[in-house]
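Q: Hi, have you got a minute to go through a model with me? I'd like to start with one detail and then work outwards.

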Amino acid sequence: MRARKLGNERDRYGYFVLDNLQKFVEQQTAGRGYDTSRKYVRELIRHDKDRQHLREILLEGASSETTEPVDAAYFDSLRARASRQRSR
């Protein structure tokens with residue numbers, strides 16, 4: 001299999017994709033409305049970064065001490081607080 005460079009020479013980061021993946025990248029780029037494969041890859045990186053951040057905060061929350069129970073009353077108080085903030 002051969003690898004092909006996607007993007008142009010002005011790209012800050014060049015990357016190579018095997019021939020069998022290049023068609024997929026081209027389809028995703030066109031099908032999702034990206035102007036270039038570079039924009040598609042940049043969006044993939046952003047999503048990956050967001051997933052990693054979410055994982056970190058979930059793990060942090062899971063390892064933190066328990067506070068008050070999360071029940072219907074808890075969510076009612078959250079809704080009331082949000083409603084008060086919206087009306088300001």
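A: Happy to. Let's start in helix α3 (residues 72-86), where arginine 79 and aspartate 76 are 3 residues apart and so separated by about one helical turn. The model is a predicted one.

Q: What do arginine 79 and aspartate 76 form, and how far apart are the closest N and O atoms?
A: A salt bridge, with 3.8 Å between the closest N and O atoms. That falls inside the cut-off, because a side-chain nitrogen of Lys or Arg has to lie within 4 Å of a carboxyl oxygen of Asp or Glu.

Q: Is arginine 79 buried or exposed?
A: Arginine 79 is exposed, with a relative accessible area of 54%. Aspartate 76 comes out at 47%, so this residue counts as partly exposed.

Q: How many salt bridges does the structure hold?
A: There are 4 salt bridges. One of them joins glutamate 43 to arginine 46, with the closest N and O atoms 3.4 Å apart.

Q: Where do glutamate 43 and arginine 46 sit relative to each other?
A: They are both in helix α2 and 3 residues apart, which means about one helical turn separates them. Glutamate 43 is partly exposed at 24% relative accessibility, and arginine 46 is partly exposed with 44%.

Q: What about aspartate 35, which residue does that one pair with?
A: Aspartate 35 forms a salt bridge with lysine 39, and the closest N and O atoms there are 3.0 Å apart. Aspartate 35 counts as exposed at 62% relative accessibility, while lysine 39 is partly exposed at 33%.

Q: Changing topic: how many residues does α2 have, and how far does it reach?
A: Helix α2 has 27 residues and spans 39 Å from first C-alpha to last, close to the 39 Å expected at 1.5 Å a residue.

Q: Nice. Which residues in α2 are buried?
A: Ser37, Tyr40 and Val41 are buried. Buried here means under 20% relative accessible area.

Q: And how far is serine 37 from glutamine 27 in space?
A: From C-alpha to C-alpha they are 9.6 Å apart, with their positions 10 residues apart in the sequence. Glutamine 27 lies in helix α1 (residues 19-31), and its side is partly open: at 44% relative accessibility, glutamine 27 counts as partly exposed.

Q: Let's do aromatics. How many aromatic pairs are there?
A: The structure holds 2 aromatic pairs. In one of them, tyrosine 74 and phenylalanine 75 have ring centres 5.4 Å apart and planes at 80°, so the pair is edge-to-face.

Q: Why does 80° make it edge-to-face?
A: Because planes over 60 degrees apart count as edge-to-face, and the planes of tyrosine 74 and phenylalanine 75 are at 80°.

Q: Got it. Are those two rings' residues buried or exposed?
A: In between: tyrosine 74 is partly exposed with a relative accessible area of 26%, and phenylalanine 75 is partly exposed at 39%.

Q: Zooming out, what pattern does the chain follow?
A: Along the sequence the chain reads β-β-α-α-α, with 3 helices and 2 strands.

Q: What share of the residues is buried?
A: Of the 88 residues in the chain, 12% are buried. The accessible surface comes to about 8,000 Å², and carbon and sulfur atoms account for 51% of that.

Q: And the contacts, how many join residues at least 24 apart?
A: Among contacts between residues at least 6 apart in sequence, 12% join residues at least 24 apart.

Q: Last thing: where is confidence lowest, and where is it highest?
A: The lowest is strand β1 (residues 3-6), with a mean pLDDT of 63, and the highest is helix α2 (residues 37-63), at 95. For the chain the mean pLDDT is 86, and 85% of residues reach 70 or more. Where pLDDT is low, the predicted coordinates should not be read in detail.

Definitions and conventions:
Residues are numbered from 1 along each chain as its sequence is written. Side-chain values use heavy atoms; hydrogens and water are left out. pLDDT is the predictor's confidence in each residue, from 0 to 100. Helices (H or I, at least four residues) and strands (E, at least two) are DSSP runs, numbered from the N terminus. The expected span of a helix is 1.5 Å times one less than its number of residues. Buried means under 20% relative accessible area, exposed over 50%, partly exposed in between (1.4 Å probe, protein chains only). Rings of Phe, Tyr and Trp (its six-membered ring) pair if their centres lie within 6.5 Å; planes under 30 degrees apart count as stacked, over 60 as edge-to-face and the rest as tilted. Contact means heavy atoms within 4.5 Å. Accessible areas come from the Shrake-Rupley method with a 1.4 Å probe; for residues, only the protein chains shown count as cover.
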